[in-house]
Structure formats: structure tokens, C-alpha cells
Amino acid sequence: MPQRNSPAHHDIPTLEKTPTGIIGLDQISVGGLPKGRTTIVCGGPGCGKTMLGLEFLVRGAAEFGEPGVLIAFEETPEEMARNVASLGFDLKALAERKKLYLDFVYMEPSEIQETGEYDLGGLFIRLQHAVDSVGAKRVMLDTLEALFSGFSNPGILRAEIRRLFRWLKEKGLTTIVTAEKGEGTLTRHGLEEYVSDCVILLDHRINEQISTRRMRIVKYRGTKHGADEYPFLIDEHGMSILPVTSMELQHKVSNQRVPTGVPDLDDMLERKGYFRGSSVLISGAAGCGKTILAAAFAEAACKKGERCLFIAFEESLDQITRNMRSVGINFEPLLKKGLLLHRAWRPTQYGMEMHLLRIHKLIEKFKPSIVIIDPITNLISASTEKDVHSMLMRLMDFLKEKGITSVFTSLSNVGEIAESEVGISSLIDTWILLRYSELFGKRHRGLFVLKARGMAHSPQLREMLITSQGIRLGSADALLAYRDRERGSQLDDDQAALPKSARSKRNRCTAGLTRRSSRGAR
Amino acid sequence: MKKNSKEPAVSAENHFQLRLYVAGQTPKSLAALSNLKRICATHLDGRYRIEVIDLMKNPQLAQGDQILAIPTLVRNLPKPIRKIIGDLSDTERVLVGLDLRGLQVRNAS
């Protein structure tokens with residue numbers, strides 16, 4: 001991806017900026033909004049304009065010692081206070097402490113008769129009074145365009161809005177003006193023509209019934225800024241714009257190894273296990289033992305005192321704990337010790353960005369050295385494949401930056417590699433393929449290391465045995481024989497079971513498997 | 001800044017309580033006040049009381065009556081509240097705004 005995708009870090013701001021305190025926004029705007037200037041925040045209904053402005057005010061008052069003024073044209077301060085209370089913002093308390101001044105402008109056109117010359121002196125006086133009352137440095141006008149429905153003389157209005165912006169600039173107030181998006185224009189009434197310093201566009205779109213919010217800095221005069229659309233979300237802590245991870249591949253790699261939790265598998269990986277900080281993909285058909293293999297890794301690591309975050313998109317904590325107990329993996333003591341953190345939610349619960357952000361937040365809080373995501377394929381049911389790829393790439397990038405060893409499980413059809421796996425394969429360091437075959441009335445699981453970057457891994461196909469004491473790997477002769485038969489070999493059942501020709505058959509089979517998977521490997 | 005009309009209230013129903021919001025002695029404000037006085041003298045015959053509020057001196061009063069435009073004339077009584085913005089130069093519209101059009105028709109008939 002081109003370099004411009006990442007916000008410039010080494011930029012000398014030529015313009016003084018006011019930090020918003022909103023997670024991510026200060027990064028993409030390289031420091032915040034233009035200080036003492038007006039910024040237009042526009043977008044359709046419900047896109048989060050008001051939220052952005054309110055958080056700017058609240059954080060300014062609470063964190064940056066900059067009192068603020070809110071002039072609300074559409075909602076009463078009471079309504080607004082209620083709306084943002086769930087986000088942990090206490091507008092009333094801030095107003096009582098004189099950190100915030102709330103004024104609600106109510107207009108009822110049917111009550112008003114216009115006759116002759118007028119101006120909006122009343123609005124200026126109210127604003128001035130509000131600013132003076134709290135010593136405001138920040139102002140939010142939400143939504144200034146409501147004036148257009150309150151007054152019928154557009155000529156006067158335009159002149160007055162122009163005067164208002166000039167006035168705000170003269171007073172050195174850092175201002176957010178929200179505006180409704182227009183048809184083919186940024187704002188319905190062309191406010192962007194009056195303010196040319198900074199324009200932020202918010203967008204809320206629904207894809208496959210799942211909403212995604214995006215933000216773009218359309219214009220920011222006199223400074224560099226991230227030009228892309230950045231996904232953001234609004235949750236119980238306010239707004240967060242997704243921090244874009246570095247696009248430069250500069251992760252420090254570790255030579256340290258982490259045991260896989262299955263000694264036989266360690267043997268296949270130079271007798272040591274995965275590289276620390278690497279990404280592991282375990283893929284296979286349903287019932288192959290993907291989750292068990294991932295859980296075995298989690299258990300082994302936690303027993304060594306590592307912290308592991310287990311994110312499940314399929315099973316609840318109770319369910320997975322019970323199921324793993326049956327194969328000798330006991331999560332309970334690890335959960336009690338706080339070494340294992342299990343979080344489960346439905347893939348369809350959020351859009352991709354929300355998933356990513358939630359995982360980011362969990363990682364920042366829990367600080368695990370191992371992250372397991374089980375399974376990633378489920379995410380596709382919640383979004384488009386493209387979005388899932390982009391999300392997984394960013395997630396893997398983030399995990400690598402943090403030096404976190406990650407294990408992803410992926411559901412694929414028997415003998416096939418899922419499309420999603422192809423997309424992320426370049427980011428995967430170690431890829432373990434699981435499969436099963438029915439043979440002599442019994443199901444056999446096969447395990448095979450498709451790739452393991454930076455190590456001389458075993459090319460063998462092994463039979464994976466899931467016992468009440470965990471996973472063991474056995475020889476896969478029987479499986480290979482079966483595979484030969486499947487592939488149209490002339491061998492009859494008796495011969496297939498014979499081990500004497502196993503070696504040559506195995507070679508043939510492995511070559512076949514590799515060929516079949518090769519499009520995914522690179 | 002209160003200017004009372006010379007005559008006291010006749011009855012609550014017919015009595016007009018008017019408040020004119022201005023911001024300093026601007027030409028628009030002065031025009032509005034003189035227009036208002038003229039209209040009241042012609043059409044209300046002492047049944048009114050005009051209060052002029054200068055928001056430059058009392059900015060906190062702008063919020064209460066939801067004043068944005070200057071000058072604004074607010075008819076507090078009789079109810080319902082009516083607002084007329086501008087310099088009140090269009091007498092006809094002021095009369096409509098104050099609901100005096102209907103009153104006149106009634107008086108005439």
C-alpha cells in the first residue's frame with residue numbers, strides 16, 4: 001500500500017492545533033483541529049456529528065483545561081445530556097463547574113413574523129455572553145444550518161453567518177460547526193464556502209445489515225493530514241477513530257520459540273515450536289480439532305505464566321471450557337489466575353472495524369503475549385471478504401508490532417483452502433493444515449505443516465490423535481494409503497493397509513497436497 | 001430601560017404587553033422603536049405597555065425569550081406569544097404579527 005496511507009509522523013505543523021482528545025482523530029489530523037479557527041463537521045443524519053463535537057467540548061473542558069460553549073439548535077441541552085450520559089459524559093456536572101456553557105436556541109418559524117431589516121445580533125450576544133461566562137476556548141454550534149429553517153431571508157442569513165465565522169476567528173475560538181450533508185455538496189447550505197480551514201466528513205453506511213462509520217478529513221488548509229477514509233466507532237467511551245497501523249514492515253522479529261502445547265508438533269517444528277511474535281494459521285474442515293490445537297497452545301503458554309487472550313466467535317466460555325476439559329485441557333485454573341482471558345461475541349454483532357477496535361482495546365488492556373482468534377472464517381458471514389481481509393491484515397500487523405504470538409483458526413472444506421486463507425496467507429508465518437478421512441469405518445485426523453517460515457519444518461503428514469490427555473501425533477501411513485485409493489490408485493483395500501509401500505505413497509501424496517495448496521502458500 | 005405608556009391597563013384580555021429587544025442604539029433599533037410607538041398609538045389606543053430591553057446591557061436576557069434576531073418585538077400578552085423581527089417598517093405585517101388585523105375588523109364591524 002502506498003505510503004500516504006499512514007499519517008505523517010515527522011511533520012512540523014505550520015499551524016497551531018488544538019487536540020480534540022478523541023482517540024485517533026489527533027493522529028490523523030496530525031495534532032488536532034486548527035486552533036482558533038472553525039472546523040465544519042458534516043455528514044448525513046445519525047453519522048455522529050454531534051458526538052464528535054460534544055466529545056471535543058467535553059474532553060477540552062475535562063482534560064485540556066479549555067472550557068467550552070455549546071449552542072444547540074436542534075436538541076435541548078437536557079436531551080443532549082441524556083444522549084451522551086451513556087457515553088460517560090456528564091454535561092450537567094461540567095456546566096455546574098462552569099467548564100461548559102449550554103444554550104439551546106429554539107426557533108418556531110410559525111411564531112415569527114419578519115418585517116423589515118434585521119440581523120442576528122441576538123445570537124452574537126448570546127454567544128458572547130456564553131463565552132464570557134465560562135472563559136470558553138472551544139465552541140460548538142450544532143447545527144448552525146437550522147437557522148435556514150428559522151429565517152426566511154437567505155441574503156441576511158448568509159451575510160450574518162459570514163460575520164459569525166469572522167467573529168469566531170477574531171475571538172480565537174476553536175469551533176466546530178456541524179452541518180447536514182447536501183446533495184452533491186458537502187453541506188446542504190454550502191457552509192464550507194465560508195469556512196475554508198478544515199472540513200471533516202462523517203459517513204455512516206450499512207453493508208449487509210452491518211453498520212460502519214467512516215471519517216475523512218476533506219480539507220485541512222496549511223497542514224498535512226491523513227487523506228483516507230478512516231473507520232471509527234462510538235462506544236461507551238466515546239468516539240474512536242481506528243488508528244491505522246504502520247504500513248512499513250518493520251516489525252522486530254524474535255528468535256525465541258514458544259512451544260505449541262503439543263510435543264509431537266514441536267518436534268515437527270525443529271523440536272521447538274512457533275516463533276514468538278509470529279502468526280499461526282490452523283485451518284481445516286469442521287471437526288478436525290482446530291480449536292483443540294489452539295487451546296492446547298493457550299494452555300501450555302499460560303502454564304508458563306504467559307498471558308493469553310482467547311477470542312471466540314463460535315463458542316461461549318462455558319462451552320469451550322467444558323469441551324476442552326474432555327480432551328485434558330483445563331482452562332479453569334488459568335482463568336482464575338487471570339492468565340487466560342476469554343471473550344466471545346458474535347461475528348455479526350459488529351462491523352469489521354468494531355471487531356478490530358474491540359480486539360485492539362482488549363489487547364491494550366489485558367496485554368497478552370498470545371492472542372487466539374477462533375475462527376476467523378466466521379467473520380466473513382458478517383461482512384464482505386474484502387473487508388475481512390483488510391481487517392485481518394491490520395490486526396496481524398498490529399499483533400506483530402506488539403510482538404504478540406497469534407493463532408488464527410480457519411474453517412475450510414475438506415481438502416480445500418478457503419478463499420479467506422489465500423488472502424491472508426502472506427501474513428502467516430506458520431500454517432498448519434488439518435484434515436480427516438474416513439477409513440475402515442473410522443475417522444482419522446491428519447495434520448500437516450504447510451509452511452513454517454524461518455525454520456526447517458517436517459514435511460510429514462501425521463495422524464492427529466485427540467485423547468483425554470491431549471493431542472498426540474502418530475504416523476499417517478493408514479491415511480496415506482487411503483488417500484492413494486481415493487486418488488484412483490489401483491490398490492485394493494488389503495494392499496492399502498500394508499505398510500511396506502507406505503514411503504513411496506507418502507511422497508506422492510505429500511506432493512499432491514502441496515500442489516493443491518500452493519496457490520495459498522504464496 | 002422601561003418606557004410605559006401613559007395609560008394603565010384596561011383589562012388583561014385587551015392589554016398588550018410588548019417587549020422590544022435591541023442591541024445598542026443602532027439605526028435599526030431606533031427605527032423599530034419609533035415604528036412600534038407609532039403603530040401602538042394608532043391601533044392600540046393606550047392598551048399597551050412597551051418595554052425596551054437592550055441586550056448590550058443585559059445579554060443574559062436573550063436566552064429567556066429565545067432572541068436571535070435584532071430587533072425582535074415580543075408580544076407577551078395577550079397569549080399566545082408572538083414574535084416580530086425586523087425594524088417594523090412594514091406596518092401591515094406588524095399588525096398581522098400582533099394579531100391586530102382581526103381586532104380591527106372586529107372594531108370596524
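**Exercise 1. Burial and backbone of A:V30**

Determine whether A:V30 is buried or exposed in this predicted model, and describe its backbone.

*Solution.* Step 1: around A:V30, 20 other C-beta atoms lie within 10 Å. Step 2: a residue is classed as buried if 20 or more such atoms lie within that distance, so A:V30 is buried. Step 3: the residue belongs to the loop between α1 (25-28) and β2 (33-34) of chain A. Step 4: most residues other than glycine have a negative phi. Step 5: A:V30 is not a glycine, yet its phi is positive, at about 50°.

**Exercise 2. The corresponding analysis of B:L88**

State where B:L88 is found, and establish its phi and its burial.

*Solution.* Step 1: B:L88 sits in the loop between β5 (82-85) and α3 (91-97) of chain B. Step 2: although B:L88 is not a glycine, its phi is positive, about 60°. Step 3: B:L88 has 29 C-beta neighbours inside 10 Å and therefore counts as buried.

**Exercise 3. Cis peptide bonds**

Locate the cis peptide bond that involves A:T143 and the one that involves B:P71.

*Solution.* Step 1: most peptide bonds are trans. Step 2: in chain A, A:D142 and A:T143 are joined by a cis bond with omega of about -15°. A:T143 lies in the loop between β7 (138-142) and α6 (147-150). Step 3: in chain B, the cis bond links B:I70 to B:P71, with omega of about -5°. B:P71 is in the loop between α2 (61-64) and β4 (72-77).

**Exercise 4. The interface**

Describe the contact between chains A and B, from residue counts to strand pairing.

*Solution.* Step 1: 29 residues of chain B are in contact with 20 residues of chain A. Step 2: on the chain B side, α2, β5 and α3 each contribute at least two residues. Step 3: this side comprises 16 nonpolar, seven polar and six charged residues. Step 4: strand β6 (residues 112-114) of chain A runs parallel to β5(B), and three bridges join them. Step 5: within this pairing, A:E114 stands opposite B:I85.

**Exercise 5. Confidence**

Assess the predictor's confidence in chain B and in the complex.

*Solution.* Step 1: chain B has an average pLDDT of 83, and 81% of its residues score at least 70. Step 2: residues 1-10 of chain B have a pLDDT below 50, with 16 contacts beyond near neighbours in sequence. Step 3: residues 104-109 of chain B also have a pLDDT below 50, with one such contact. Step 4: for the complex, the ipTM is 0.84 and the pTM is 0.69.

Technical notes: Residues numbered from 1 in each chain as written. Chains lettered and ligands numbered in written order. Predicted model: local features only at pLDDT ≥ 70, side-chain atom pairs only at ≥ 80, totals over all residues. Helix = DSSP H or I, 4+ residues; strand = E, 2+ residues; numbered from the N terminus. Buried ≥ 20, exposed ≤ 12 C-beta atoms within 10 Å, placed from the backbone. pLDDT = per-residue confidence, 0-100. Contact = placed C-beta atoms within 7 Å. Nonpolar A, V, L, I, M, F, W, Y, C, P; charged D, E, K, R; others polar. Pairing = 2+ DSSP bridges.
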